[in-house]
Amino acid sequence: MDFNMKKLASDAGIFFTRAVQFTEEKFGQAEKTELDAHFENLLARADSTKNWTEKILRQTEVLLQPNPSARVEEFLYEKLDRKVPSRVTNGELLAQYMAEAASELGPTTPYGKTLIKVAEAEKRLGAAERDFIHTASINFLTPLRNFLEGDWKTISKERRLLQNRRLDLDACKARLKKAKAAEAKATTVPDFQETRPRNYILSASASALWNDEVDKAEQELRVAQTEFDRQAEVTRLLLEGISSTHVNHLRCLHEFVESQTTYYAQCYRHMLDLQKQLGRFPGTFVGTTEPASPPLSSSSPTTAAATMPVGPSVAGLAPPGEAALCLEEVSPPASGTRKARVLYDYEAADSSELALLADELITVYSLPGMDPDWLIGERGNKKGKVPVTYLELLS
């Protein structure tokens, strides 16, 4: 118990000394040891990394889960080290409602059949969203969270320890400065008279005491300086590790982009399949002003019959089976052809369109009367309509 009391008293004394030094520094009454410019830059970069990591983490959580109540619930489960229960996505919930509506309104009616088809597509969209959220959480959110809860806490702890070591060092410097000033005063302005030997003895004794105090303060300063230098080196190494953190976060960011690209590509394919099932294809080639024939598809006769033409065909009055032949007979203009880079994969909806692969180069041109959202694309001996939004025109 006596040892604990002594330790408590010692800690209280150190805390009081640091508090006095910190207060005097704030009021400009004490000198402060400044860190070098490189160290200050490392501190600033670490603080900036921490702040932006927090913002990116919070906003990504909002992107993946817009419902704030659900985010709070997931946060509580994580803090309690419990598994987060599986949650139905909005797409899956919409699919459930549509399926129930089709069952009640009549699954054999045109509206009921369409509800069932859309419900299946929404269910697939919901499953793709679930996979995206899971992948993004593991590959992107978890590393960011680990940095904030692991590495950053270690850095903050060492920075606080460095601050304490600096306060101890500056307090030792102030104590040594005061001791030297008192020693000089006792030496140069003795408080005695030659006719009074007693005062001379007392003054000499005081000078010796101040000499001992200076020696003690110098020893404490050397110890404080050593501890400060050691802690500064430890903190510097941790701060320089922020560069490795940036590399790790860069890799995680690439994985997040990949997962997001995969998610949106899946959504596009699901919706394109649904669009084909419903018989609503992208606009056909515009070559004349004659009425168009319904586009060909693998859908049922009922669906094909319900399809409304959305634009004239190449051959005008030619039967649908000859559309590709007439398209091949279209010649490019003498001038006006351009090179284009394909931005995304595109699956041709019918024989009048040209399937595209991302990053390939094709030749494109327009013909009089064409829909401005479409161009004619050529790749080798293949030719067909291509959507402008999938292209980057180069020349």
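This is a guided tour of one protein chain, stop by stop, in a predicted model.

**Whole chain**

Start with everything shown as a cartoon. The protein contains nine helices and five strands. Coloured from the N terminus onward, the elements run α-α-α-α-α-α-α-α-α-β-β-β-β-β. Of the 395 residues in the protein, 33% are buried. If you display contacts between residues at least 6 apart in sequence, 70% of them join residues at least 24 apart.

**Thr89, ahead of H4**

Select Thr89, which sits in the loop between helix H3 (68-79) and H4. Is Thr89 buried or exposed? Its relative accessible area is 8%, and a residue under 20% counts as buried, so Thr89 is buried. Show its surroundings: leaving out residues up to four places away in sequence, Thr89 touches Gly126, Glu129 and Arg130.

**Helix H4**

Next, select residues 90-105, which form helix H4. This helix has 16 residues, and the distance from its first C-alpha to its last is 22 Å, close to the 22 Å expected at 1.5 Å a residue. Colour Gly91, Glu92, Ala95, Met98 and Ala102, the buried residues of H4. They lie on the same side of H4, because the arc they cover around the axis is only 120°. The spacing fits the general geometry: an α-helix has 3.6 residues a turn, so residues three or four places apart point the same way.

Now turn to the face of H4 that points away from the buried side. Which exposed residues does that face carry? They are Asn90 and Glu104. Move one step past the helix to Gly106, where phi is positive, at about 120°.

**Helix H7**

Select residues 242-277 for helix H7. H7 has 36 residues and reaches 52 Å from its first C-alpha to its last, close to the 52 Å expected at 1.5 Å a residue. Its buried residues include Ile242, Thr245, Cys252, Phe256, Tyr263 and Cys267. Further along, His270, Leu272, Leu274 and Lys276 are buried too. After H7 comes Gly279, with a positive phi near 80°.

Stay in H7 and pick out His249. The relative accessibility of His249 is 13%, so this residue counts as buried. Setting aside neighbours within four places in sequence, His249 contacts Thr53, Pro143, Leu144 and Phe147.

**H2 against H7**

Add residues 37-64, helix H2, to the view of H7. Two packed helices are described by the angle between their axes and the distance between the axes. Here the axes of H2 and H7 come within 12 Å and cross at roughly 20°. H2 is therefore roughly parallel to H7. The crossing is left-handed.

To see where H2 and H7 meet, show these side chains:

- From H2: Arg45, Ala46, Thr49, Thr53, Thr60 and Leu63.
- From H7: Ile242, Ser243, His246, His249, Phe256 and Gln260.

Thr53 and His249 both appear in these lists, and Thr53 is among the contacts of His249.

**Asp359, between two strands**

For the last stop, select Asp359 in the loop between strand E1 (338-342) and strand E2 (361-365). Most residues other than glycine have a negative phi. Asp359 is not a glycine, yet its phi is positive, about 75°. Is Asp359 buried or exposed? With a relative accessible area of 53%, Asp359 is exposed.

Methods:
Residues are numbered from 1 along each chain as its sequence is written. Side-chain values use heavy atoms; hydrogens and water are left out. Helices (H or I, at least four residues) and strands (E, at least two) are DSSP runs, numbered from the N terminus. The expected span of a helix is 1.5 Å times one less than its number of residues. Buried means under 20% relative accessible area, exposed over 50%, partly exposed in between (1.4 Å probe, protein chains only). The arc is that of the directions from the helix axis to the C-beta atoms. Axes are lines fitted to C-alpha atoms, for helices over the stretch in contact, and angles run from 0 to 180 degrees between N-to-C directions. Angles under 35 degrees count as roughly parallel, over 145 as roughly antiparallel, 65 to 115 as roughly perpendicular and the rest as oblique. A crossing is left-handed if the near helix is turned anticlockwise from the far one by less than a right angle, and right-handed if clockwise. Contact means heavy atoms within 4.5 Å.
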